[in-house]
Amino acid sequence: MPLKCQMCDKAATFHITELTGGKPQELHLCEEHARKYLTQADGPEGGPPSLAGALAQQLVVGQAAQDLARLDQRSCPVCGITFYEFRNSGRLGCPHDYACFRKELEPLIANVHGEAEHKGKRPKRSQGDTSQQVELIRLRREMKEAIDEEQYERASDIRDQIRKLESSGESG
Amino acid sequence: MMLAGAAPQRRDFFPGKVGTKRMGRGEPLKLDELARTSGEWLRGSGPESDIVMSSRVRLARNLANFPFICRANDTDRAEIERTLRECVARINETAKLQYVDVNKLEGLDRQFLVERHLISREHAESVGARGVAIDQGEQISLMINEEDHLRIQVLRSGLDLQRAWEEMDRIDDLVEDHVTYAFSDPFGYLTACPTNVGTGLRVSVMLHLPALVLTQQIEKVFRSLQKINLAVRGLYGEGSQAMGDFYQISNQITLGHTEPELLEQVGKVVPVILDYERKARNVLVRENHDNLHDRVSRAYGILQTAQTISSEETMHLLSSVRMGINLGLINDVDIPVVNQLFVHTQPAHLQKIRGVPLDTANRNIERARYLRRHLAKGKDGADQN
């Protein structure tokens, strides 16, 4: 049974977790009340937009319920986090999420920071092969899954791949 | 079998018993001894330190080849901790850091580090492989496996943001010599929470604003700060209540501005708030001198004579005494003593100093005894237990 909006009898299509203040506070609202909630003051403490606020605001403005459901199910091929999980926790799963969910994150980030492009310090070292680093994250997760499923031979193969990648990364 | 290779638990850095007491290069970091001292940043020596307790900068950094903490399994977390612990050991020569394995600490010791501002509450309450490297003066701390893989913090006494940043920049470069940070265009340094992305830099100042609280102008100040995208928090950061009239003011935005711009954003608003606070103090002295003097003297008197006292009341009264000293209404105790009392009368500190666990009622008695000993009038009193 779908969750009801906390303010009325309609189905709750927006699930907002406020992270400001001590404990995360969960809100389940229909579209109308979500819009209302987000247009009141700027979050519970006033001031700069909170992540949850910005996130929900963007979704209220940009997404129909169906699109939202589809987006929520999308997951990162590297760490496995779904957009729904990110939306609920406010935390991303790995560096690759910034590439994988870039289209969704860009307006959100612009909303929070007022800018979408980094200025300032950069690493002195070359970043190396980013795809290789990302591949390492994916392989480690795959190895863990193989172990959990007791597929030890597969796990062993993956471990060899990881070692190969790690050693090529060190020499390069 | 073969899978044991997944997470080699090497402990070859920091020889000796790794855990609560012994770390560093064979040198013990004794939390019990630490409890009797205080960090450099509490000395009250920096610029504007009558109102600015401390300046703090922190950087959020992540390793490029690991998932962020919320998707990291135990093996990943152990590997991240090992990688960064070894990195800390390598930069040890220049930065003189000692490593504490937070995962092996008991709850009281973790709380103790929170009270000293060396780890965050989130880091204390989290689970699994994690640690913190601390320098001798307690001005630098590197938290491993907090919300991000690495959180570097530099604290300085008074208003000293520029030097805090220079120190931070140097440590960040040293760390980066050994690891590859997650960084990409256009977002910059990548962080678990998009609110920290870009520079990963949080610049904050801890201000003591008793007169603005007393004259009920503090809300007005907060509202204007929030309008210019600055956040206001309590003594122990996010979600913590303002205790002892201490407020942390920090930048909310981390992306799209250079580090010096972010320093400037916080730095330029501080003189304005200092001016408000000093004006409010002057008004109190001019128009309400007797009441103010009475308030400050009573606060001092209670702290000198109470037999049992809560942490909350202590903070509240110490705040009045601190302002009283700054206004010349109290002359026989120094600011660094009071600064230290704010920290040493916290629950975990009292228990570490006393050396035994104490329940709330006994903590209140111990706190009162500690205050009497440190604020006693004249030499005779100072020697009392």
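So, to start: in what order do the elements of chain A run from the N terminus on? It goes β-β-α-α-α-α-α-α-α-α. That comes to 8 helices and 2 strands for chain A. Keep in mind as we go that this is a predicted model.

Let me stay with chain A for a minute. It has 172 residues, and 33% of them are buried. If you take the contacts in chain A with a separation of 6 or more, 40% come from residues 24 or more positions apart.

Now, confidence. The mean pLDDT of chain A is 78, with 71% of the residues at 70 or more. Helix α5 of chain A, residues 97-100, does best with a mean of 95, while helix α2 of chain A, residues 51-62, sits at the bottom with 64. Then there's the stretch 41-47 of chain A, where pLDDT drops below 50. That stretch still has 16 contacts in the model beyond near neighbours in sequence. Where pLDDT is low, though, the predicted coordinates shouldn't be read in detail.

One residue I'd pick out in chain A is A:M143, which you'll find in helix α7, residues 130-148. Is A:M143 buried or exposed? It counts as buried, because it has 22 C-beta neighbours inside 10 Å. Also, have a look at A:A155: it's 12 residues from A:M143 along the chain, and the two C-alpha atoms are 4.9 Å apart.

Okay, on to where the chains meet. We have 47 residues of chain A in contact with 46 residues of chain B. On the chain B side, the elements giving at least two residues each are α2 (74-90), α6 (161-176), β6 (183-184) and α8 (218-227). As for the make-up of that side of chain B, I get 21 nonpolar, 19 polar and 6 charged residues.

Next, a strand in chain B that I like: β5, residues 150-157. Why call β5 of chain B largely enclosed by the rest of the structure? Because 8 of its 8 residues are buried. And that goes for both faces of β5(B): B:L150, B:I152, B:V154 and B:R156 are buried on one side, and B:R151, B:Q153, B:L155 and B:S157 on the other. So who are the strand's partners? One of them is β1 of chain B, residues 52-61, which runs antiparallel to β5(B) and is joined to it by 8 bridges. If you want a place to look, B:S55 stands opposite B:R156. Another is β4 of chain B, residues 140-144, also antiparallel to β5(B), with 5 bridges. There, B:S141 is opposite B:Q153. β4(B) and β5(B) make a hairpin with 5 residues in between, and B:N145 in the turn has a positive phi of about 60 degrees.

Last bit: the domains of chain B. Domain 1 covers 31-279 and domain 2 covers 288-380, and their C-alpha centres are 27 Å apart. Between the two, 21 residues of domain 1 contact 22 residues of domain 2. On the domain 1 side, α1 (31-34), α4 (107-115) and α7 (210-214) of chain B each put in at least two residues, and α4(B) gives the most, with 4. The domain 1 side of that contact divides into 9 nonpolar, 5 polar and 7 charged residues.

That's it from me.

Methods
Residues are numbered from 1 along each chain as its sequence is written. Chains are lettered from A and ligands numbered from 1 in the order in which they are written. This is a predicted model: local features need pLDDT of at least 70, side-chain atom pairs count only at pLDDT 80 or more; totals for chains, interfaces and linings use all residues. A residue is buried if 20 or more other C-beta atoms lie within 10 Å of its own, exposed if 12 or fewer, and partly exposed in between; C-beta atoms are placed from the backbone. Two residues are in contact if their C-beta atoms, placed from the backbone, lie within 7 Å. pLDDT is the predictor's confidence in each residue, from 0 to 100. Ala, Val, Leu, Ile, Met, Phe, Trp, Tyr, Cys and Pro count as nonpolar, Asp, Glu, Lys and Arg as charged, and the others, Gly among them, as polar. Two strands pair if DSSP finds at least two bridges between them. Domain bounds come from an automatic or database domain assignment.
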